[in-house]
Structures are given as structure tokens and as C-alpha cells.
Amino acid sequence: MQMNSAVSFLIFFFVLPLVLADLQVGFYDSTCPQAESIVQQAVQIAFSKDPSITAAFLRMHFHDCFVRGCDASILIDPTKNNSSEKVAGPNQTVRGYNVIDKAKKSLEAACPLTVSCADIITLATRDSVALAGGPNYTVPTGRRDGLVSNPDDVNLPGPGISVSGALSSFTDKGMDINEMVTLLGAHTVGFAHCFFFSDRLSPPDPSMDPTLFAKLNKTCAKKASATVFLDQSTAFTFDNQFYNQILLKKGILQIDQELALDNLTASIVSGFASNGIGFQDSFAKAMVKLGSIEVLVGNAGEIRKSCSAFNKKKKGVF
């Protein structure tokens with residue numbers, strides 16, 4: 001089904017620290033000055049055809065950064081001899097790879113072996129969020145691409161996890177509870193397959209709004225792989241409506257609803273529900289921090305020629 005969306009919105013610009021670890025804003029200014037505009041153009045084309053690409057990039061970015069850091073290891077294709085993160089269970093519904101590949105092809109034509117795939121994911125995510133009405137924040141760049149992609153390393157918090165369980169995963173990556181609640185707000189533009197929340201339908205979860213339960217039960221009874229929007233109000237607009245809905249017991253995923261019910265996070269949810277600009281400001285800062293997790297910089301890793309494959313070693317180099 002083709003989706004056309006015309007959304008009028010204000011874009012908020014947030015100025016963030018120019019240097020984060022060894023990453024820096026404008027890293028490619030001298031080596032590939034058109035880098036960010038090339039990525040932005042690829043994202044704009046994709047968004048015009050399918051505005052749900054914002055959710056796709058947010059998920060890809062999170063799944064990449066929470067496994068071995070933000071090193072584009074999620075992009076590696078499996079081969080006959082080696083598996084990769086792409087085949088891991090949580091990543092089998094990740095999408096948007098084709099847009100990353102198109103951006104990389106254009107970047108290689110303009111600036112060969114200069115812009116990392118890890119930076120492309122980060123930039124594409126930022127640009128897609130802005131196109132959906134979210135914050136247009138500055139992104140430090142300078143990441144390098146990883147040399148390992150192992151499905152056994154993929155251990156991500158699932159949709160049925162508790163707040164305390166999710167917090168443990170986030171704190172392991174150096175992020176706090178406010179940042180966790182903020183980043184889960186990305187579900188304001190997401191959707192989920194029924195099999196991600198089927199355990200809330202049978203037996204009926206008493207924490208779910210009865211009207212929503214009836215709607216979901218009808219949709220999911222037809223097909224377990226059917227999809228529903230996580231934001232039932234403004235599915236393609238990056239706003240704070242997600243928080244208002246979970247306050248009304250209209251969260252789709254268990255972890256989303258738990259945010260509004262758990263004493264650890266309920267006040268943060270209420271704050272974001274009543275302050276959209278505050279949420280966007282917090283989201284911009286949290287995304288920059290997410291994008292700095294365990295990054296490879298300097299001479300570490302490599303700059304891939306193709307995002308889906310490691311560079312071939314030169315003869316005589318081991």
C-alpha cells in the first residue's frame with residue numbers, strides 16, 4: 001500500500017556540543033563537504049515514498065549502537081562461510097538497508113573511501129526524524145566501520161521486557177532512566193507486528209484500554225504478521241502523542257505501557273506528555289549520546305567501500 005503524507009510542521013534546531021569524544025560536528029567539511037547533503041537527499045527521496053522510513057532508521061540505529069557500538073555491523077550481509085547480525089532474530093524485521101546503500105553509492109562516487117557507513121546510519125536517522133517533524137539536531141561524525149558482525153552478539157531488550165530490565169540494558173550502555181524514556185518515545189512513529197504483543201491479547205491484558213484491545217484483537221486474529229501503529233493518533237509525525245496515549249492505557253507494546261505505570265518512569269512520561277518541546281529537546285540530546293556509544297575512531301576499524309561487506313584485505317596484509 002502506498003502511503004502519501006502531507007504534514008505541516010515546525011522544525012526545531014538544537015545546538016549541541018561540537019565535540020563528543022573523538023567525534024566532531026563537520027568532520028567531513030574538508031574531505032567530503034557534500035557528505036551530509038548527499039545522505040539527506042537519499043533520505044528525502046525515501047521519505048517522500050514511504051514516511052514510515054523514519055521508524056525504520058530509528059530502529060536500525062538503535063539495534064546497531066546497542067550491539068558492539070555504533071559501527072554499522074548491522075549492515076553486513078551473511079555469506080556462505082560467515083553469518084552476521086542481520087540474521088539475528090531481533091534484526092529480521094529491520095529495514096531501510098536499500099536507502100543506506102544508495103547513499104553510500106553516491107558518496108563513493110563523490111568521495112571514495114571517506115564517509116563511513118556508521119556515520120551514514122546516524123545522519124540518515126537524524127534527517128528522517130526532522131522530516132517527520134522532529135528535532136533537526138547537529139550530529140557529530142567521524143565514526144569508523146566495524147570489522148566484526150556476529151549474530152551471537154545481538155542481545156537487545158525485547159518488547160515484553162520490564163522497566164527495570166530495560167533500564168539495566170540502557171545503563172549498561174551508559175544511558176540513564178530519563179534517556180531511556182526519551183528514546184522509547186521514538187515509538188511515536190513506529191509500528192509493530194502482532195507477534196510482538198500477542199501475549200497481551202490472550203489472555204487480555206487488564207492494563208490495556210478495552211476499546212484498543214478489541215481493535216487489536218480483530219486485526220491480529222486475521223494474521224500474526226499484521227502490523228499496527230504504535231502511535232494510534234499521529235503515526236507519521238514525530239511528536240509527544242505517544243506519551244499521552246500510554247497515559248490513557250493505549251500502549252501497544254508491554255514496555256511502552258509499563259513506562260506509564262511504573263513509579264520509576266511515570267513522572268517522566270507525564271512530563272513529556274505535557275511538554276512537546278521539552279521532549280524534542282531531550283530526544284535530540286539522547287540521540288547524540290546514543291550515537292556515541294562505543295564508537296570506533298581514528299585508525300580503528302575501516303571505511304567500507306560497500307556497507308554490506310567488509311573491505312577485502314590486500315594481498316600480503318594480515
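**Close-up views of a predicted model**

**View 1. T234 in its loop.** T234 is found in the loop that runs between β6 and α8, in a model that is predicted. Its relative accessible area is 23%, and because buried means under 20% and exposed means over 50%, T234 is described as partly exposed. Leaving aside residues up to four places away in sequence, T234 touches T188, D239 and Q241.

**View 2. The annotated binding site.** The residues T188, D231, T234 and D239 are covered by the annotation "binding site", which comes from an unreviewed UniProt entry. These residues are spread over 52 residues of sequence, yet they cluster in space, with a largest C-alpha distance of 9.8 Å.

**View 3. D231 and its surroundings.** D231 lies in the loop between β6 (227-229) and α8 (241-247), and it counts as buried because its relative accessibility is 1%. When residues up to four places away in sequence are not counted, D231 touches H187, T188, G190, D239, Q241, F242 and Q245. In addition, the side chain of D231 reaches the backbone nitrogen of S233 at a distance of 2.8 Å.

**View 4. A nonpolar patch on the surface.** L147, V148 and F310 together form a nonpolar surface patch, and their accessible area together is about 240 Å². One of these residues, V148, is placed in the loop between β4 (136-137) and α5 (163-172). V148 has a relative accessible area of 33%, so it is described as partly exposed.

How values were computed:
Residues numbered from 1 in each chain as written. Predicted model: local features only at pLDDT ≥ 70, side-chain atom pairs only at ≥ 80, totals over all residues. Heavy atoms only, no water. Patch = residues over 30% accessible without salt bridge, like charges linked within 9 Å, V, L, I, M, F, W, Y side chains within 5 Å. Areas by Shrake-Rupley, 256 points an atom, 1.4 Å probe, with all protein chains shown as cover. Salt bridge = Lys/Arg side-chain N within 4 Å of Asp/Glu carboxyl O. Helix = DSSP H or I, 4+ residues; strand = E, 2+ residues; numbered from the N terminus. Buried < 20%, exposed > 50% of the residue type's maximum accessible area, 1.4 Å probe, protein only. UniProt positions renumbered as here; feature names shortened; annotations may be inferred. Contact = heavy atoms within 4.5 Å. Polar contact = N/O pair within 3.5 Å; in protein donor to acceptor, adjacent residues only side chain to side chain.
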